[in-house]
Amino acid sequence: MYMASTALHQLLLLLLVAALPAAMSSCAGEDFPSGRSYVTCEDLPHLGAALHWTYDASGPSLSLAFVAAPAAPGGWVAWGINPTGRGMVGAQALVALAGGAANSSAPAVVRTYNITGYSPLGDASTPIAFPATGLAADVGGGGKVRLYATLRLGKGVKKVVNHVWQVGSSVTRGAPDMHAMDADNLAAMGKLVLSDGAAASAPAPAGGPSSSGGRNGDGSPLSRPISGAAHTAGVSAPEVVGLAVLGFLTIP
């Protein structure tokens with residue numbers, strides 16, 4: 001009986017340790033308004049940002065929520081895919097201008113920009129390569145702006161894309177001002193594995209990401225599946241871990 005109990009303890013401990021990376025991912029605890037949910041999320045390595053997304057291979061399309069705090073109240077946040085290479089130039093960007101909304105319930109303004117160079121952006125959207133619908137933004141906890149969109153990607157887009165993100169401190173006459181040139185700002189780019197957020201109806205991709213070092217085979221950070229049980233129960237993923245530990249400790 002004692003050996004069986006010990007084996008059960010060890011099994012539960014292994015399951016708990018395996019669940020910790022996803023559960024402790026801060027992006028998994030984001031509480032979106034009703035009707036907004038995503039298959040997976042990733043804490044991005046710079047600027048305290050996170051990306052939530054669902055990828056529909058049949059479109060293909062990408063439904064996303066980008067979450068970041070502007071560099072100062074009344075600033076802006078941005079995210080985009082660069083189909084031409086790495087970095088900002090060539091990015092097809094979504095920009096949420098918090099304006100006076102950073103400390104209020106007023107919605108931020110969302111615009112699209114085709115970043116063709118280093119000149120200042122204007123006060124109006126420009127067409128981007130990926131038609132965008134459902135553009136919206138709100139302000140979440142800690143003054144973070146949450147930018148929502150669905151992009152129609154087109155058949156030629158690969159399953160791994162270059163993406164960039166950024167935050168700025170101010171908006172002047174409806175246009176985002178230049179962001180800081182600190183190391184964190186300049187490093188805000190990476191690879192996004194779209195299929196990590198594949199909708200449930202889509203088959204799992206063959207040859208999935210490597211588990212080595214918490215990164216995918218191409219060097220990009222591993223995304224974290226969002227716990228459906230935690231979402232349904234209305235508790236955060238860290239709370240789920242706490243409850244699991246409590247249950248483990250109370251097993252005789």
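**Burial and overall make-up**

I started with burial: 38% of the 252 residues of the protein count as buried. I keep in mind that this is a predicted model. Next I looked up the accessible surface, which comes to about 12,900 Å². Carbon and sulfur atoms account for 61% of that surface.

For secondary structure I noted 4 helices and 13 strands. Then I checked contacts between residues at least 6 apart in sequence, and 60% of these join residues at least 24 apart.

**The S1/S2 hairpin**

I went to the hairpin of S1 and S2 next. Strand S1 covers residues 40-43 and strand S2 covers residues 50-56. The two run antiparallel and are joined by 4 bridges. Between the strands I found 6 residues. Leu47 in this hairpin has a positive phi, near 65 degrees.

Which residue of S2 is the bridge partner of Thr40? I traced the bridge to Trp53, so I stayed on that tryptophan, which is found in strand S2. Buried or exposed, I wondered about Trp53. Its relative accessibility is 0%, and the cut-off for buried is under 20%, so Trp53 counts as buried.

I also looked up a partner for Trp53 far along the chain. Ser195 is 142 residues apart from Trp53 in the chain, yet their C-alpha atoms are separated by 9.9 Å.

**The five-stranded sheet**

I then wrote down the strand order of an open sheet of 5 strands: S6-S5-S4-S9-S12. The pairing is antiparallel. Strand S6 (109-114) and S12 are the edge strands, as each pairs on one side only. From one strand to the next, the twist averages 25 degrees.

Inside this sheet I picked the pair S4 and S9. Strand S4 spans residues 76-82 and strand S9 spans residues 160-168. How many bridges join S4 to S9? I get 7, with the strands running antiparallel. One of the bridge pairs is Val77 with Val167 in S9.

**His179 and what it touches**

I moved to His179, whose place is in the loop between strand S11 (175-176) and H2. With a relative accessibility of 12%, it falls under the 20% cut-off, so His179 counts as buried.

I listed what His179 touches, leaving out residues up to four places away in sequence: Trp76, Met88, Gln166, Val167, Gly168 and Asn185. Val167 in that list is also the bridge partner of Val77. I noted Met88 there for the next entry but one.

**Ala187**

Ala187 sits in the loop between helix H2 (183-186) and strand S12 (189-193). Its relative accessibility is 26%; partly exposed lies between 20% and 50%, so that is how Ala187 counts. I took the C-alpha separation of Ala187 and Gln166 as well: 9.6 Å, for residues 21 apart along the chain. Gln166 is also one of the residues that His179 touches.

**A nonpolar patch**

Last, I looked at the surface. Which residues make the nonpolar surface patch of about 300 Å²? They are Met88, Val89 and Tyr118. Met88 is thus on my page twice, since His179 touches Met88 and the patch includes Met88.

Val89 I placed in the loop between S4 and strand S5 (92-97). At 31% relative accessibility, Val89 counts as partly exposed. The patch cut-off is over 30% relative accessible area, so Val89 at 31% passes on that count.

Terms used
Residues numbered from 1 in each chain as written. Predicted model: local features only at pLDDT ≥ 70, side-chain atom pairs only at ≥ 80, totals over all residues. Heavy atoms only, no water. Pairing = 2+ DSSP bridges. Buried < 20%, exposed > 50% of the residue type's maximum accessible area, 1.4 Å probe, protein only. Axes fitted to C-alpha atoms, helices over the stretch in contact; angles between N-to-C directions. Patch = residues over 30% accessible without salt bridge, like charges linked within 9 Å, V, L, I, M, F, W, Y side chains within 5 Å. Areas by Shrake-Rupley, 256 points an atom, 1.4 Å probe, with all protein chains shown as cover. Salt bridge = Lys/Arg side-chain N within 4 Å of Asp/Glu carboxyl O. Contact = heavy atoms within 4.5 Å.
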